[in-house]
Structures are given as structure tokens and as C-alpha cells.
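Open your viewer and get ready to click along. Each stop tells you what to select and what to look for there.

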Amino acid sequence: MIDIDLTTLADQMEGSLWKDLIDPWFPACIDSQGGFWQVYDRQWQRKPSNIRGVVFQSRMTWVSATLASLPGPRQEEFRQNAVHGMRYLNDIFVEAKSGAVRWKVDQADRNIGERDLRGHAYGGSFAIYALAAVHRALDVPEALEAAIKVFGWLDRYVRDSENGGYFESVSGKGEPVMVAPDQKAAKRGDEINTPFGLKSQNTHLHLLEAFSELAKSHRDPLVLERLAETKGILEDRLFQPAGWLYVYAKPDWTPVPDRVSYGHDIEAAHLLMDACETLEGAVSGKTQATARALVDNTLMFGLDREMGGFFSNGTEGGRPLLRAKNWWTQSEALLGLARATELPEAPVNEYLEAIAFTWAWIRDHQIDQQFGGWFEMIHDDGRPPDPEDHKDRKGHMWKAAYHETRGLLGTAKILRRLAAEARHASPLRIHVE
């Protein structure tokens, strides 16, 4: 048993953010040819790669914009990084006339093949998220103009006008891709592994955060309408009262049973709260109840109460399926729990203890003590990843610094506010092995 107060906990998170995450990534990932280098091994050596993906480039642009908004000795560095990332997105990934977003390019900044002429709503969401964040942090007009342009493309070509929400993938001609182009694709799924012909919770979750970020700078009625619609899809179509979200649905939003994703559920809790505040100025009673249910179910079935950390996914009945612990779930769990302390009649001490327990897991196991950075996926007992599984890589198309930055900064901010409000004057007593 140890005693720890909330300010100390916040200090640890912010200190680790810079030492264990940002310092290894920056300025090493800045590519003089444009954008960010995205493939690194465990020891932070750049690995050859012929692919640049819009998701990674957008996430690192968002990280740069977020850090550029923080006063400090590195603020100007990240202002420059944010503009660097924004220009690469605008020049390479966002089509100037239509606002269509390319999924990936090669090092010569060309689409790699016919399939990559397609756009994906998930990729579009992150482009908006990054560009709107750059505008909000730096007041750069071209960033907002590009974000609005991408929003227009999504609304014109990707939105399902009949059933609401968005198709996952569209062809170069702007037509929904509902059937796999070949047998290999049918087995794997689309760019984010969604089965062809279905809609995903994952895509709509990130459209929600993108529209919310855009609406903070651009309160256009259509943006607010689409934000409200996307929020309603998650709360009304995909949410189950037991406290979890369906992962997939048919085009008419008939749910398709699958696993329960603990990381996405607790991420949805804080994103729904943020979206509701953006729309209404406060978190409504309905969204409070939804967020509370998502957090409590994830805490009940997703948290490893012996070792710490959250499992990756489980059954609808609450049995963990993938017990290995990925990096992004831990990050989103921190922020989801922190935001849940703000809900009426929340068991604040229980949530704070879970935050401290999760942070201890991250600090002692998820963070690579030897080389810095976060391991992608580690064994449920805390053993580091097996090198042959390539889960010790520090960077690749899907692994940037976005989840960790958001989780640590957001959680530390809330902990400091709670400490300042003296709601928890005595040290928080937690059990850490």
C-alpha cells in the first residue's frame, strides 16, 4: 500500500509525457521531405518504409498542434511542427478541388495502387481533427479552410443520406464500396478491417471527435447537425443499456453481434461528453447516463484487478477474449475515468483508484524502461512483447503519439483541478504491487 496525492500523480503523468513519449518522437520524426516518419523499431531506429498514411500524419499533426497550445520552452518548436504537418496533409492527402482524402501514398507522394484511390471516412475524420486543431491552436486560416473542404467531401460522397451516418469506404468516383474487390480483401476487411458492407462504431467514434473539434472553431449549422446525428448514432443505435457499444452494424443500423471493445467504449464515454458540451454547453442527463454506463461496464469487465491495465476486448457477457494489453486502451481508460469523475453522483474515489492503478501499470510495464516510448501490446502478466510478433515497435502506420498525449494531458489536467478544489484533501490510498 502506498499514499499518493492527485498533484503528485499529475506531475508523474506530465513528466512521463515529455520524457518517455515526446522526447523520443520529436524532433526525430520530422521528415525534411514533408510530414512525419512513421516506422521505428524498439530502439527508435528509422526503418525503411514506402508508405505514408493519412491517419498517422494527421495524428502527429494533432499532437504537434496540441503541444503548440501549451506555454513553455518548446512551444515555438511545436508551432512549426504543426504547420509542417498541416502543409503536408493539404499538399499530399487532401484533394484541392473536392476535399477528398487519400488513404496512403508512397514516398514519392503518389497513390500506391488503384485501391488506394479510394477514400475512407476514418481517414477523413482524422484529417478534419488535425486541421481543425491546427486552426484552433495557431489561428491558421488555411487549416480551417481545408478542414471544411474535407467535411464537405464527407457530406457529399460518404454520408448515407437514406439511413444516416457514413459509409466506410468510397471509390475514386465517390461511390460507396459495399463489396470486397477480391477474396483477400473479403477475408481481411477494408482499410480498418471493417467487413465490407457494414458500418463501424470505430469510424463514427472518430467522426464524432472530428466534428466536435471542427465545431469549436466553425459553428456552421450543418456541422452541428452532423455532430448531433453522429452522437445520436452512438447513443441510440449502437449503445446497449448494459454499458457497451456494438462494434458493427448493417447500413440500416441493425446491430451485428461481435466482441466488445473496452478501449473504444471508455473512449466513447469521454468523446460523447465533449461532443455534448460542444453542442449544448454542458453534458446532458442522457449523455451523463450513457457515459457512466460505458465507464462502469468497462471498469467491471475490462480492468485486470490483479495485475492492472485493461484487457483489449471481451464477450457481450463480460468475459475477456484478448487479454493482452494494447497501448491505446490504457491511454483512453485514463481519460475516460478522469472525465467520469465529473459526472453527478459518480463514485469518484473508485474512479481515482482505477486511474492510479492503471497509471502504475503503464509506468511499470507499458512504457519501455530501456529505450523509452510505449510498447504496442504486452502480455497480460506484464511481460514485454515477443520481438517476433513485432509488437515492440515504437511507430508504424497505426501507432503515433496521439492516444498517449491526449490521455496523459487530459487526465493530469482533471487531477489538478480536483486537487485545487480540495475535494480530496487527504492522500489517495491505493494498492500497487
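Start by selecting Arg383 and Asp381, whose side chains meet in a salt bridge with N and O 2.9 Å apart. The term salt bridge is used here for a side-chain nitrogen of Lys or Arg within 4 Å of a carboxyl oxygen of Asp or Glu. Arg383 is partly exposed at 43% relative accessibility, and Asp381 is partly exposed too, at 35%. Buried stands for under 20% relative accessible area, exposed for over 50%, and partly exposed for what lies in between (1.4 Å probe, protein chains only).

Before moving on, a word about what is on your screen. This is a predicted model, in which local features need pLDDT of at least 70 and side-chain atom pairs count only at pLDDT 80 or more, while totals for chains, interfaces and linings use all residues. Residues are numbered from 1 along each chain as its sequence is written, and side-chain values use heavy atoms, leaving out hydrogens and water.

**More charged pairs**

How many salt bridges are there by this rule? The count comes to 33. Select Asp368 and Arg42 next: their closest N and O atoms are 2.7 Å apart. This pair links distant parts of the chain, 326 residues apart, with Asp368 in the loop between helix 12 (348–366) and strand 15, and Arg42 in the loop between helix 1 (6–25) and strand 2 (52–53). Helices (H or I, at least four residues) and strands (E, at least two) are DSSP runs, numbered from the N terminus. Is each partner buried or exposed? Asp368 is buried, at 2% relative accessible area, whereas Arg42 is partly exposed, at 26%.

Now go to Arg136 and Glu213, another salt bridge, at 2.7 Å from N to O. Arg136 belongs to helix 4 and Glu213 to helix 7 (residues 201–217), 77 residues apart. Here Glu213 is the buried partner, at 7%, and Arg136 is partly exposed, at 47%. To see a network of salt bridges, select Glu277, Arg339, Glu342, Arg417 and Glu421 together.

**Rings**

Turn to the aromatic side chains, which form 19 pairs in this structure. Rings of Phe, Tyr and Trp (its six-membered ring) pair if their centres lie within 6.5 Å; planes under 30 degrees apart count as stacked, over 60 as edge-to-face and the rest as tilted. Select Tyr88 and Phe93: their planes stand at 75° and their centres are 5.9 Å apart, so this pair is edge-to-face. Then try Trp103 and Trp398, a tilted pair with 50° between the planes and 6.0 Å from centre to centre. Trp103 is buried, at 4% relative accessibility, while Trp398 is partly exposed, at 29%. Add Trp62, Tyr122, Phe126, Tyr129 and Tyr402 to these two, and you have one aromatic cluster.

Keep Phe126 selected and add Arg59, which lies over the face of the ring, 4.5 Å from its centre. A charge sits over a ring if NZ of Lys or CZ of Arg is within 6 Å of the ring centre and within 35 degrees of the ring normal.

**Into the core**

Finish at the largest nonpolar core, which has 132 residues. Such a core is a set of buried Ala, Val, Leu, Ile, Met, Phe, Trp, Tyr and Cys residues joined through side-chain atoms within 4.5 Å. Among the residues touching the most other members are Met13, Trp25 and Leu154. Helix 4 (residues 121–138) gives the core its largest share, 12 residues.
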